[in-house]
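Colleague: I'm new to reading models like this one. Could you take me through it?

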Amino acid sequence: MTRTTVDETAAIKAAFARFPSGVAAFSAMVDFTPEALVASSFTVGVSLEPPLVMFAVQNSSTTWPRLRQAARLGVSVLAEGQEAACLQLSSKTRDRFDGLAHSVTDSGAVLIDGAVLGFECEVVSETPAGDHAIVVLEVKSTNVNHDSEPLIYHGASFRQLAA
């Protein structure tokens with residue numbers, strides 16, 4: 001196995017940052033407490049039959065081992081104007097849900113209010129992939145907010161779609 005040097009890692013991160021992506025929050029109630037993690041590696045349209053989506057989560061995540069216990073996950077694709085919510089949901093020191101408007105489904109999936117898209121999903125598979133795991137989710141229900149545009153992450157900054 002070839003190890004990547006610090007300089008190579010920085011170059012790879014800079015290259016990956018040039019690819020714009022949406023930002024998704026993965027959330028659920030675990031032991032009566034809302035848990036969340038944020039990822040920009042979310043991909044829709046993995047499959048239409050059944051409807052599948054996926055994301056990658058770092059192996060070092062301390063949240064994913066708790067979230068994967070949930071029967072269903074809420075996936076909220078964050079909208080323009082939800083930059084502060086994104087930072088709060090990804091914080092390692094703050095209460096991730098303090099004052100954050102959200103709803104909880106009957107199955108315990110947590111969805112962030114005002115998101116562009118909301119999916120209620122079940123974990124189908126988890127595959128090791130280097131320092132991450134690729135998680136495939138089956139979509140059980142959807143909610144589309146036609147009145148907003150997605151929050152974009154590009155070049156290590158939040159961006160907005162231009163007309």
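What follows is a chat about strands and salt bridges.

Modeller: Two things before you ask: residues are numbered from 1 along each chain as its sequence is written. This is a predicted model, so we follow some rules: local features need pLDDT of at least 70, side-chain atom pairs count only at pLDDT 80 or more, totals for chains, interfaces and linings use all residues, and side-chain values use heavy atoms, with hydrogens and water left out.

Colleague: Okay, strands. Which strand does strand 2 form a hairpin with?

Modeller: Strands here are DSSP runs of E with at least two residues, helices are runs of H or I with at least four, and both are numbered from the N terminus. Two strands pair if DSSP finds at least two bridges between them. Strand 2 (residues 24-30) has an antiparallel partner in residues 33-39, with seven bridges between the two, and V30 is matched with T33 there. Two residues sit in the turn, including D31 with a positive phi of about 50°, and the hairpin partner is strand 3.

Colleague: And which residue of strand 6 stands opposite A24?

Modeller: Strand 2 also runs antiparallel to strand 6, and four bridges join them. Look across from A24 and you land on V77.

Colleague: Is strand 2 largely enclosed or not, and how many of its residues are buried?

Modeller: Let's set the scale: buried means under 20% relative accessible area, exposed means over 50%, and partly exposed is in between (1.4 Å probe, protein chains only). Strand 2 is largely enclosed by the rest of the structure, because the buried count among its seven residues is six.

Colleague: How many residues lie between strand 4 and strand 5 in their hairpin?

Modeller: Strand 4 (residues 43-48) and strand 5 (residues 51-58) run antiparallel, joined by three bridges. L48 faces P51 across the pair. The hairpin's number of residues in between is two.

Colleague: What about the open sheet of three strands: which are its edge strands?

Modeller: Its order is 1-11-12, with antiparallel pairing. Strand 11 (residues 152-154) pairs with strand 12 over three bridges, and Y153 has F158 as its bridge partner. An edge strand here pairs on one side only, and that fits strand 1 (21-22) and strand 12 (157-159).

Colleague: On to charges. How far apart are the closest N and O atoms of R68 and E126?

Modeller: A salt bridge is a side-chain nitrogen of Lys or Arg within 4 Å of a carboxyl oxygen of Asp or Glu, and the whole structure has six of them. R68 and E126 make one, linking distant parts of the chain: R68 is in the loop between helix 2 (64-67) and strand 6 (73-77), while E126 is in strand 9 (residues 117-129), 58 residues apart. R68 is partly exposed at 38%, and E126 is partly exposed at 34%. Their closest N and O atoms are separated by 2.7 Å.

Colleague: Which residues are in the salt-bridge network?

Modeller: Start with E122, which is partly exposed at 27% and meets R72 in a salt bridge at 3.0 Å, N to O. R72 is in the loop between helix 2 and strand 6 and E122 in strand 9, so this pair ties together parts 50 residues apart in sequence. E122 also forms a salt bridge with K140, the closest N and O atoms being 4.0 Å apart. Through shared partners, the whole network is R72, E120, E122, E138 and K140.
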